[in-house]
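Let's take a walk through this protein together, from its interior out to its charged pairs. Have the chain open and ready to rotate as you read.

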Amino acid sequence: ADGISEGRIAWLEAAAEGRVVVAEAEALFEKTMPVEIFRDSVMEIEKGTLLAREELTERLAQSGYRAVDFVQSPGEMSTRGAIVDIYPPGAEDPVRVEFVGDEIGSLRYFSAEDQRSRGKVSSVSIPPANEVIMTGPGIERAAEYLRRRAGDSEVTARDKFSLIDEIEAGRRVPNLEWLLPAFYEQPAAVFDYLADDFVIVNDFPEETGEVLRLRAETAGDRAG
């Protein structure tokens with residue numbers, strides 16, 4: 001599930017930047033995080049910026065980065081002394097942030113395989129690693145959503161209240177994306193990320209037509 005979410009994050013970032021993106025028809029209709037929350041969650045880090053290492057790692061954890069010993073895959077981060085390594089979704093290589101006190105002393109991309117430097121940079125853009133951002137308002141909304149629906153499914157009330165405890169503590173649980181609508185008051189559609197003048201090239205019109213037909217039937221059943 002983590003890899004799927006990270007792939008979607010890379011896709012959303014490309015769409016928000018106006019780049020060419022490729023997607024299956026079904027994916028265009030799936031709900032995701034609101035565009036403004038996505039943009040607010042992108043961290044722009046510059047050399048010389050005053051930023052406590054603990055603040056950086058906390059924000060990374062809130063936006064879905066997993067703490068590991070050594071980064072190998074997108075969505076991972078590691079901390080060793082004054083160094084924080086981050087592997088952003090959609091990036092070819094991870095980035096190493098080296099602190100001097102509470103100041104960012106250097107930024108460099110490096111190879112995850114052999115740790116060799118790819119070269120220093122003056123700034124980097126770090127998108128979230130997950131569509132669910134674990135901050136106060138979203139946590140409160142998701143916990144309240146689960147409380148209201150404690151008896152709605154086959155999951156036992158005990159398991160749901162255990163899940164509420166985990167979420168309220170700010171801890172991620174497996175497959176958290178299924179709760180995405182609970183974290184956001186108005187989840188976005190993928191189309192919300194596209195520019196107003198976007199152009200769609202449809203390589204599989206029959207498949208797309210079937211998706212649209214099934215979506216219309218589902219909407220009709222809900223309205224009925």
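Which residues does Phe183 touch, not counting residues up to four places away in sequence? In this predicted model, Phe183 touches Val132, Ile133, Met134, Gly138, Ile139, Arg141, Ala142, Ile167 and Leu176.

That list is a good way into the largest nonpolar core, which has 30 residues. Phe183 is among the members that touch the most others, together with Met33, Phe38, Ile167, Leu176, Leu179 and Tyr193. Five elements each give two or more residues to this core: α1 (2–16), α2 (35–41), α4 (136–148), α5 (157–168) and α6 (180–183). Elsewhere you will find a second, separate core of 17 residues, with Ile45, Ile86, Ile104 and Leu107 among them.

Stay a moment with Phe38 and Tyr193, for they make up the one aromatic pair in the structure. The ring centres of Phe38 and Tyr193 are 5.7 Å apart and the planes meet at 75°, so the pair is edge-to-face. Phe38 belongs to helix α2, while Tyr193 sits in the loop between β10 (188–189) and α7 (205–223), so the contact ties together parts that are 155 residues apart in sequence. Both of these residues, Phe38 and Tyr193, are buried.

Now turn to the sheet. Six strands form an open sheet in the order β3-β4-β5-β6-β7-β8, and their pairing is mixed. At the edges stand β3 and β8, each with a single partner strand, so one side of each has no neighbour in the sheet. Strand β7 (residues 103–110) and β8 run antiparallel and are joined by four bridges; here Phe110 stands opposite Ser117 in β8. Helix α3 (residues 53–62) packs on this sheet, where it touches β4, β5 and β6, and its direction makes about 20° with that of β5.

The charged side chains come next. Side chains of opposite charge can pair when their charged atoms come close. How many salt bridges does the structure hold? There are nine salt bridges, and three of the pairs are worth visiting one by one.

Begin with Glu76 and Arg66, whose closest N and O atoms are 3.8 Å apart. Glu76 is in strand β4 (residues 76–80) and Arg66 in strand β3 (residues 66–67), ten residues apart. Glu76 has a relative accessible area of 11%, so this residue counts as buried, whereas Arg66, at 26%, is partly exposed.

A second salt bridge joins the side chains of Asp85 and Arg80, with 3.2 Å from N to O. Asp85 has a relative accessible area of 1% and is therefore buried, while Arg80 is partly exposed at 30%.

For the third, look at Asp93 and Arg118, whose side chains meet with 3.5 Å from N to O. This pair links distant parts of the chain, 25 residues apart: Asp93 lies in the loop between β5 (83–87) and β6 (95–100), and Arg118 in strand β8 (residues 117–121). Is Arg118 buried or exposed? Its relative accessibility is 54%, so Arg118 counts as exposed; Asp93, by contrast, is buried at 18%. Finally, salt bridges that share partners join Arg8, Glu30 and Glu131 into one network.

How values were computed. Residues are numbered from 1 along each chain as its sequence is written. This is a predicted model: local features need pLDDT of at least 70, side-chain atom pairs count only at pLDDT 80 or more; totals for chains, interfaces and linings use all residues. Side-chain values use heavy atoms; hydrogens and water are left out. A nonpolar core is a set of buried Ala, Val, Leu, Ile, Met, Phe, Trp, Tyr and Cys residues joined through side-chain atoms within 4.5 Å. Buried means under 20% relative accessible area, exposed over 50%, partly exposed in between (1.4 Å probe, protein chains only). Contact means heavy atoms within 4.5 Å. A salt bridge is a side-chain nitrogen of Lys or Arg within 4 Å of a carboxyl oxygen of Asp or Glu. Two strands pair if DSSP finds at least two bridges between them. Axes are lines fitted to C-alpha atoms, for helices over the stretch in contact, and angles run from 0 to 180 degrees between N-to-C directions. Rings of Phe, Tyr and Trp (its six-membered ring) pair if their centres lie within 6.5 Å; planes under 30 degrees apart count as stacked, over 60 as edge-to-face and the rest as tilted.
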